[in-house]
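Here is my note for anyone opening this one for the first time. Have a look at the picture below, then work through the points in order.

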Amino acid sequence: MLYEEAASDFGAALGRLARAYEADPDKRRDLVQEIHVALWRSFGKFDGRCSLRTWIYRVAHNTATSHVIQQVRAKTPTMVGLEELENLSDKNETETASDQHHALDRLLALIQKLKPLDRQVIVSYLEGMDAASIGEITGISAGNVATKIHRIKNILARRFHEGGCHGD
Amino acid sequence: MAIDLLQKDMRNVWQNQKAEGAPMSLEEIRRCARKLYKRISRRNLREYIATVIVVLVFGFYAVWFHSVTIRVGSGLVIAGALYVAYQLHRRGSARTSPEDCGFECCLDFHRRELERQRDALRSIWSWYLGPLIPGLAVLVIGGELARPPGFRHHWIAFAVILTFCTLTFVWVGKLNQIAARRLQQQINELDATANQQ
């Protein structure tokens, strides 16, 4: 069954995707459930015109984006564009990221500040996808994706570096 | 070279993060889907129960009281409540969010949903408050006029009742206009998000 295949192959990646969209652990658990339910339902419509991976990420990102939009309606979290993120002061992020855990927290904190489309792009990038695959998932051109990736990863790398990452 | 290493670090940190919670079984997924469906059904049921209560109460008035005014007023209230229930069902039922399309189509869906809700709130007088007015007006004003002269309220008391009813409707109308403005703000925010492309 497609859902079982998806859950076993992409379950961990979907958990990571949920972390990029929701900081609160309880709400994140709900979001993971929502994503799985949406996936389970969506396979009735899966016609094989795109790869299983693309389908899964589209469904997951759309469900997570809907979740973010609903959260924005409930209370306004601060989301910023890339220009604003580039200019954001680092004063609040001066703690030293001395291990993997802190490095991940720092990375998540930065990703969670991004607007949904940028978040979709960077999460897909971090999952190891190329621009063409990300374009297929997000519906924007590969060129646009490449530009976004270049900007986002440079911002993240700079911030990551400032935090003193030791990823291994 | 340094940037490449950092990017590798980021991917490494990202992909090696500790998994949270146990994977969901198929049975759990089905249970969640059922819970979601029940939540929507319960919301719809509440609307129908409210309508049934209005129909029963005013139906009882129409049968029990012999006054033509009360019968006509009750009939109009029932007709208004049924119309409101139909409109709530037509306007309120949530559309299924698109699952298999890109970011832009997902935002389009949410924008259309917000516009639909905003328009429903803006036009609250035409489909929610308005249809209830004729019946209530007949019951309050007509009911008062139908009383024998010695049993009528003092005109000041009657004016207070009338003002209270009018203000309640105006207040509900205003609240909905405020909610519609909030939805418009959310639409603007969503547009700002869409324009980031």
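**Notes on a two-chain model**

1. Let's start with helix α6 (residues 116-126) of chain A: 11 of its 11 residues are buried, so it is largely enclosed by the rest of the structure. Buried here means under 20% relative accessible area, exposed means over 50%, and partly exposed is in between (1.4 Å probe, protein chains only). Helices (H or I, at least four residues) and strands (E, at least two) are DSSP runs, numbered from the N terminus. Among the buried residues of α6(A) are P116(A), D118(A), R119(A), Y125(A) and L126(A). After α6(A) comes G128(A), with a positive phi near 95 degrees.

2. Some housekeeping before you go on. This is a predicted model, in which local features need pLDDT of at least 70 and side-chain atom pairs count only at pLDDT 80 or more, while totals for chains, interfaces and linings use all residues. Residues are numbered from 1 along each chain as its sequence is written, chains are lettered from A and ligands numbered from 1 in the order in which they are written, and side-chain values use heavy atoms, with hydrogens and water left out.

3. What does chain A look like overall? It has eight helices and zero strands, so to speak an all-α line-up when read along the sequence: α-α-α-α-α-α-α-α. Of its 168 residues, 53% count as buried. Chain A exposes about 7300 Å², and carbon and sulfur atoms supply 49% of that area. Accessible areas come from the Shrake-Rupley method with a 1.4 Å probe; for residues, only the protein chains shown count as cover.4. Chain B has seven helices and zero strands, and from the N terminus on its elements run α-α-α-α-α-α-α. Buried residues make up 29% of its 197 residues. About 12600 Å² of chain B is exposed, with carbon and sulfur atoms supplying 65% of it. Take contacts between residues at least 6 apart in sequence, where contact means heavy atoms within 4.5 Å. In chain B, 69% of these join residues at least 24 apart; in chain A, the figure is 70%.

5. On to the rings. Rings of Phe, Tyr and Trp (its six-membered ring) pair if their centres lie within 6.5 Å; planes under 30 degrees apart count as stacked, over 60 as edge-to-face and the rest as tilted. By this rule there are eight aromatic pairs over all chains. One of them is F10(A) with Y57(A), an edge-to-face pair at 5.9 Å centre to centre and 85 degrees between the planes. This pair links distant parts of the chain, with F10(A) in helix α1 (residues 2-21) and Y57(A) in helix α3 (residues 52-74) of chain A, 47 residues apart. Both F10(A) and Y57(A) are buried.

6. F58(B) and Y61(B) form an aromatic pair as well, edge-to-face, with 5.4 Å centre to centre and 75 degrees between the planes. The two residues lie in helix α2 of chain B, three residues apart, about one turn of the helix. Is F58(B) buried or exposed? Buried, because its relative accessible area is 15%. Y61(B), at 31%, is partly exposed. F58(B) and Y61(B) belong to one aromatic cluster that also includes F60(B), W64(B) and F65(B).

7. Which residues form a nonpolar patch on the surface? They are L45(B), I49(B), I53(B), V57(B), F60(B), Y61(B), W64(B) and F65(B), with about 770 Å² of accessible area together. Patches are made of residues with over 30% relative accessible area and no salt bridge; like charges are joined within 9 Å, nonpolar side chains (Val, Leu, Ile, Met, Phe, Trp, Tyr) within 5 Å. A salt bridge, in turn, is a side-chain nitrogen of Lys or Arg within 4 Å of a carboxyl oxygen of Asp or Glu. W64(B) is found in helix α2 (residues 26-64) of chain B, and it counts as exposed because its relative accessibility is 57%.

8. V52(B) also has its place in helix α2 of chain B. At 46% relative accessibility, V52(B) counts as partly exposed. The C-alpha atoms of V52(B) and L82(B) are separated by 8.9 Å, although these residues are 30 apart along the chain.

9. Back in chain A, look for F46(A) in the loop between α2 (25-42) and α3. Leaving aside neighbours within four places in sequence, F46(A) is in contact with L2(A), S51(A), L52(A) and W55(A). The C-alpha atoms of F46(A) and L2(A), 44 residues apart along the chain, are separated by 9.4 Å.

10. One last spot to find, involving both chains: the charged end of R11(B) sits over the ring of Y125(A), 4.1 Å from its centre. That wording applies if NZ of Lys or CZ of Arg is within 6 Å of the ring centre and within 35 degrees of the ring normal. Y125(A) is one of the buried residues of α6(A), which brings us back to the helix in the opening point.
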